[in-house]
Structures are given as C-alpha cells and as structure tokens.
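Dear colleague,

I am handing over a structure for your studies. Please look through the sequence and the coordinates before reading my notes.

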Amino acid sequence: MNIYVAEFIGTAIMILLGNGVVANVVLKDTKGNNSGWIVITTAWALAVFVAVVVAGPHSGAHLNPAVTLALAITNAFEWAKVPYYMLAQVGGAITGSLLVWLFYKDHFDATEDKSLKAAPFATGPAIPNKASNLFSEIVGTFVLIFVIFYITGGEMGSEKTPIGLGSVGALPVAFLVWVIGLGLGGTTGYAINPARDLGPRIAHSIIPMKGKGDSNWSYAWIPIIGPVIGSSLAALLYLFLKIN
C-alpha cells in the first residue's frame, strides 16, 4: 500500500458504496427501491467514512481532486504529487463505478427509464440551469474544503494532550459530507468532487449496458469546474485568515 494505491482503493470503495446506494434506491426491484434522499445522503457519508479509514493512514485520504488542489494551494501538499493523486482518484472512481454496474446488473437491465439507469453513475441537475448549477457546486465544495481546514484532532485537558482517535477520527468528514448532502445536495446531487463525477461518467459511456441513454457530457464540465473554483476560494480564504 503506497500513497497512490491508497487513493485508488479508497476512492474505489467510496464510489462502490456511494453510487451503490443510489442504484439501490432508484433501480427497479431492489430491496431499497424508493427509500429516499435520507438513505442516499446517509450512505454517502458512511461511504466517505469507510474510504477515509482505509486510505487515511497511507495517503491522507484526499479521495477528491478538490481536496488535493486546496492542500497544494495552502502548501500543505507537494504540487509534484498532485497529478498522480488526481489520476489515482479518477481511476479509482471508474473502477468503483464499474463494480456498481456489475453488482446491480440485473436491476440495471430490468430498469427501463434511461435517466434512472444513469443516476447511479454521474450527477445531474434537478432543474437544468448552468449558472445556478455551477453556483451550487462552487458553494458545496467551498463548505467542504473550508471546514476540512478547521477539523482538528482530539485533545484532552487544559494542556491539550492529543488523544489517539484511530479510525473514529474519520467521523467529522463523514458528518460534513452528510450535512452538505442534506442541506445543499438538492440542486445538483452535490458532486463536490471532480473524480466522483468524471470517473463514473466515463464508466457509463463505455459499458455495454442494455438500453443505455446519453452520458450527458454537455453537463460534465460543471461538476469539474465548480469544485475547482470552490476549493480554490476556500483555500485562498483560509490563507488570508491565517495570515491576518
């Protein structure tokens, strides 16, 4: 397990569980069919928790190009490693999404609605409006990155003795992703992660799915550019507040 393998595996697990719950909720004849938004947002938060538990000790568990970019902007991560982290994240996202398709293949085949077949892969807007959709992704990612900068380790007493939280230390990020999904996810499906959207969209475009519809590449730039802008703004504000 090296840093790049950890990012690949962590992202793949996150997508397998996160997009897996979407498949469970929207596809025909699943046990979780029509179980709703609270199920999706809760499982996505837990998917992030599980992925951070796996990758955290080895790579820092970025699992998201927006996180990697923000850390590099604040000089908390080496720029030389940025492209390799991002490639590992996208590759992991493609792999996780392919596993979702294989896992739920019978249900994908049984589902006739092309939009429902596409939902377990990439995100899409509830109301198509590129300006407001972009704004949604910028704001959601800004909140994610800005709060991550202020998550601290456990401490005890007036001397602030560090407490080793182990895997439990991944919970704050899971809660953060959960509340973003509940509060800000209703407009675009809260990608807030370019790899989370691009990797599965690539997977959707290449798999031989029965009755597959369009991969909606005309929208694909929004869940990429939005998180890039949002993470950059969060990093710059963090630097400004830290200096001043």
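The notes below describe what was found, from the whole chain down to single residues.

**Overall form**

Please keep in mind that this is a predicted model. The protein contains 10 helices and two strands. In sequence order the elements run α-α-α-α-α-α-α-β-β-α-α-α. Along the principal axes, the C-alpha atoms occupy a box of roughly 60 × 35 × 35 Å. Is the radius of gyration what a compact globule would have? For 244 residues, a compact globule would have a radius of gyration near 18 Å, and the value for the protein is 18 Å, so the two agree.

Of the 244 residues, 46% count as buried. The exposed surface of the protein comes to about 11,600 Å², and 68% of this area is supplied by carbon and sulfur atoms. Contacts that reach far along the sequence are also present: among those between residues at least 6 apart, 76% join residues at least 24 apart.

**A covered helix**

Helix α3 spans residues 65-73 and is mostly covered, with eight of its nine residues buried. These buried residues are P65, A66, V67, T68, L69, A70, L71 and A72. Which helices help to cover them? The cover includes α4 (82-103), α7, α9 (194-206) and α10.

**Aromatic pairs**

The count of aromatic pairs comes to 11. One of them joins F108 and F121, whose ring centres lie 5.5 Å apart with 45° between the planes, a tilted arrangement. This pair links distant parts of the chain: F108 belongs to helix α5 (residues 105-110), F121 lies in the loop between α6 (114-118) and α7, and the two are 13 residues apart. Both F108 and F121 are buried.

A second example is the pair of F149 and Y238. Why does this pair count as stacked? The ring centres of F149 and Y238 are 4.4 Å apart and their planes meet at 10°, and planes under 30 degrees apart count as stacked. This pair, too, links distant parts of the chain, since F149 sits in helix α7 and Y238 in helix α10 (residues 222-243), 89 residues apart. F149 and Y238 are both buried. They also belong to one aromatic cluster, formed by F142, F146, F149, Y150 and Y238.

**Two contrasting residues**

The last two examples concern N133 and M1. N133 is located in helix α7, which covers residues 130-149. Is N133 buried or exposed? Its relative accessible area is 2%; since buried means under 20%, N133 is buried. Leaving aside residues up to four places away in sequence, N133 touches P125, I127, P128, T188, Y219 and I222.

M1 lies in the segment before α1 (3-26). The relative accessible area of M1 is 53%, and because the cut-off for exposed is over 50%, M1 is exposed. Together with V5, F8 and I9, M1 forms a nonpolar patch on the surface. The accessible area of these four residues together is about 320 Å².

I suggest finding N133 and M1 in the display and then following the two aromatic pairs described above.

With kind regards

Conventions: Residues are numbered from 1 along each chain as its sequence is written. This is a predicted model: local features need pLDDT of at least 70, side-chain atom pairs count only at pLDDT 80 or more; totals for chains, interfaces and linings use all residues. Side-chain values use heavy atoms; hydrogens and water are left out. Helices (H or I, at least four residues) and strands (E, at least two) are DSSP runs, numbered from the N terminus. Buried means under 20% relative accessible area, exposed over 50%, partly exposed in between (1.4 Å probe, protein chains only). Contact means heavy atoms within 4.5 Å. Patches are made of residues with over 30% relative accessible area and no salt bridge: like charges are joined within 9 Å, nonpolar side chains (Val, Leu, Ile, Met, Phe, Trp, Tyr) within 5 Å. Accessible areas come from the Shrake-Rupley method with a 1.4 Å probe; for residues, only the protein chains shown count as cover. A salt bridge is a side-chain nitrogen of Lys or Arg within 4 Å of a carboxyl oxygen of Asp or Glu. The radius of gyration is taken over C-alpha atoms; the globule rule is 2.2 Å times the number of residues to the power 0.38. Rings of Phe, Tyr and Trp (its six-membered ring) pair if their centres lie within 6.5 Å; planes under 30 degrees apart count as stacked, over 60 as edge-to-face and the rest as tilted.
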